[in-house]
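Subject: Structure for your files

Hello,

Here is the structure I said I would pass on. My notes on the helices and a few residues follow below it.

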Amino acid sequence: MSRPSRPSRTSGPWLALAAAVTTLWTLLPIYWLLRMAAMSPADASAYPPPLWPHSLHPAALLNVLGFAYTDAAGHVFPPSGQSPQILLGLWNSIVVAVAVTVITILVIVPLAYAFARFEFRAKTGLLMAILFSVSVPPVSTLIPFYILFVDLGLAGTRSGLVLINLTVTVPFVTWMLIGYFRNLPPVERLARIDGFGRMATLLRIMIPMSKSGIAVAAVVSFLFAWNEFVFATALVNGTDATTLPTSVSGLMFLQPNPGQLAASLFLSLIPAGAVAYFLQHHIADLGFVDVVR
């Protein structure tokens with residue numbers, strides 16, 4: 001039996017260089033965004049711009065949140081005129097993302113479990129339908145959904161935005177979770193010997209065993225709903241159901257303060273980063289191979 005090949009010594013520096021370039025490529029835009037949000041107006045108007053702010057200046061973030069700020073020199077920075085729209089978009093994004101995540105998990109867990117562990121009529125056809133739904137670009141369904149939602153009175157509502165997000169998250173996460181349930185040990189027969197029915201087996205045995213996969217499914221659902229822009233722009237932009245991505249995009253057409261624009265973008269990173277941080281140990285336990293297998 002042949003031994004697995006080991007990486008050569010010469011590949012070590014190249015791997016380290018590739019890791020460093022990837023890390024820099026990933027973190028540099030985030031740092032540049034935070035730098036702009038924390039810069040004072042003097043630093044923002046300097047040319048060339050400083051690589052690091054001379055002093056942290058919270059005016060942009062506070063102004064976006066609707067608060068005034070007075071610095072040590074007595075300069076007053078009033079609240080941004082777009083702060084109500086940003087706060088409204090932030091609240092709507094949280095509501096929509098949480099609703100989409102909860103409904104997606106409630107739907108896809110029993111659905112993926114049934115596809116992965118049972119044989120039934122038309123199973124192959126339904127799997128192909130799910131795969132087709134995953135492969136279709138969401139933007140290709142934008143016009144039909146827009147016409148349908150206008151006729152149903154769902155345009156400009158959070159409920160309509162939740163429904164249209166579910167058309168993407170449910171098939172995608174179901175297809176992802178099917179592979180995870182297939183890799184779990186076959187414990188159904190042992191559960192029946194202990195007197196568990198199918199529903200009890202799912203709730204009391206399979207779900208605790210698959211908590212890592214469900215956590216990843218929740219993260220994927222939340223991040224998609226949080227960052228969704230195309231459907232939100234067409235259905236709720238300019239209404240009371242506007243989300244944070246569409247609210248921030250509106251600032252780009254109003255000649256905004258660059259610091260306030262950066263602070264608004266920073267706000268959009270916080271909830272998504274918090275969700276990924278608190279569920280990262282589940283993602284590490286799952287592993288990429290188990291998700292896609």
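Leaving out residues up to four places away in sequence, L90 touches W226 and L244. Please keep in mind that this is a predicted model. L90 lies in helix α4, and with a relative accessible area of 18% it falls under the 20% cut-off, so it is buried. Its C-alpha is 8.6 Å from that of S247, although L90 and S247 are 157 residues apart in sequence.

L244 and S247 both appear in the contact between α4 and helix α12 (residues 244-251). On the α4 side the residues are Q85, I86, G89, L90 and S93; they meet L244, P245, S247, V248 and L251 of α12. The two axes come within 7 Å and cross at roughly 155 degrees. Angles over 145 degrees count as roughly antiparallel, so that is how α4 runs relative to α12.

S83 is also in α4, which covers residues 83-117. Is S83 buried or exposed? Its relative accessibility is 6%, so S83 counts as buried. Apart from neighbours within four places in sequence, S83 is in contact with N63, V64, L65 and G66.

Next, helix α7. It takes in residues 158-182, 25 in number, which at 1.5 Å a residue should span 36 Å; the end C-alpha atoms are 35 Å apart, so the two values agree. α7 does have a kink of about 30 degrees, centred on L166. Of the 25 residues in α7, 18 are buried, so the helix is mostly covered.

One of the partners of α7 is helix α5 (residues 123-135). Their axes are 8 Å apart and the packing angle is about 130 degrees, which makes α5 oblique to α7. The crossing of α5 past α7 is left-handed. From α5, the residues L127, I130, L131, S133 and V134 take part, and they meet P171, F172, T174, W175, I178 and R182 of α7.

The last item is helix α13 (residues 258-278). What span should its 21 residues have at 1.5 Å a residue? The expected figure is 30 Å, and the end C-alpha atoms of α13 are 31 Å apart, which agrees. Its buried residues are G259, Q260, L261, A262, A263, S264, L267, S268, P271 and A272.

Regards

Note on methods. Residues numbered from 1 in each chain as written. Predicted model: local features only at pLDDT ≥ 70, side-chain atom pairs only at ≥ 80, totals over all residues. Heavy atoms only, no water. Helix = DSSP H or I, 4+ residues; strand = E, 2+ residues; numbered from the N terminus. Expected span 1.5 Å × (residues − 1). Bend = angle between axes of the 7 residues up to and from the residue. Buried < 20%, exposed > 50% of the residue type's maximum accessible area, 1.4 Å probe, protein only. Axes fitted to C-alpha atoms, helices over the stretch in contact; angles between N-to-C directions. Parallel < 35°, antiparallel > 145°, perpendicular 65-115°, else oblique. Left-handed = near helix turned anticlockwise from the far one by under 90°. Contact = heavy atoms within 4.5 Å.
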